[in-house]
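Me: Hello! I would like a close look at a single part of this model, taken slowly and with its surroundings.

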Amino acid sequence: MGSTILLIGSYAFEAYYWLILISIFGSWFPQFQTSKIGGWVYKLVEPYLSLFRRFIPPLGPIDFSPIIALFVYRYLGGFAMEGLRLSLNTIGI
């Protein structure tokens, strides 16, 4: 049971990571954001990315905040998954 929960958590974490990457690469193509899939990805990812855009302004036409957001997501996500694993071990699942 615990390994299943960890696996689902890992898949959810990876899926959101890929959505962030798709959003970054999709921003290079204006028609992506106006498409149905692009709008869906944008709605899911933009709340997270907006946290970083408040503190990291774009340098001319280049916005580095999504790259920083990816590094932070990967770093904190590792802690979150480890915390989930330890919690499941503690309660005996």
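Which charged end sits over the ring of Tyr 17, and how many Å from its centre?

Reply: Happy to help, and please keep in mind that this is a predicted model. The charged end belongs to Arg 74, and it sits over the ring of Tyr 17 at 3.9 Å from the ring's centre. Tyr 17 itself counts as buried, because its relative accessibility is 16% and the cut-off for buried is under 20%.

Now to the aromatic pairs, of which the model has 8. One of them joins Tyr 16 and Tyr 73, whose centres are 5.5 Å apart with 50° between the planes, a tilted arrangement. This pair links distant parts of the chain: Tyr 16 belongs to helix 1 (residues 2-26) and Tyr 73 to helix 4 (residues 65-91), 57 residues apart. Tyr 73 has 15% relative accessibility, so it counts as buried. Another pair is Tyr 17 with Trp 18: the planes meet at 85° and the centres lie 6.4 Å apart, so this pair is edge-to-face. Tyr 16 and Tyr 73 also belong to one aromatic cluster with Phe 13, Tyr 48 and Phe 52.

Let us follow helix 4 a little further. Its buried residues are Ser 65, Pro 66, Ala 69, Leu 70, Tyr 73, Gly 77 and Leu 88, and helix 1 and helix 3 (36-53) are among what covers them. The 27 residues of helix 4 should span 39 Å at 1.5 Å a residue, and its end C-alpha atoms are 38 Å apart, which agrees. Just after helix 4 comes Gly 92, with a positive phi of about 85°.

Conventions. Residues numbered from 1 in each chain as written. Predicted model: local features only at pLDDT ≥ 70, side-chain atom pairs only at ≥ 80, totals over all residues. Heavy atoms only, no water. Phe/Tyr/Trp six-rings, centres within 6.5 Å; stacked < 30°, edge-to-face > 60°. Helix = DSSP H or I, 4+ residues; strand = E, 2+ residues; numbered from the N terminus. Buried < 20%, exposed > 50% of the residue type's maximum accessible area, 1.4 Å probe, protein only. Lys NZ or Arg CZ within 6 Å of the ring centre and 35° of its normal. Expected span 1.5 Å × (residues − 1). Contact = heavy atoms within 4.5 Å.
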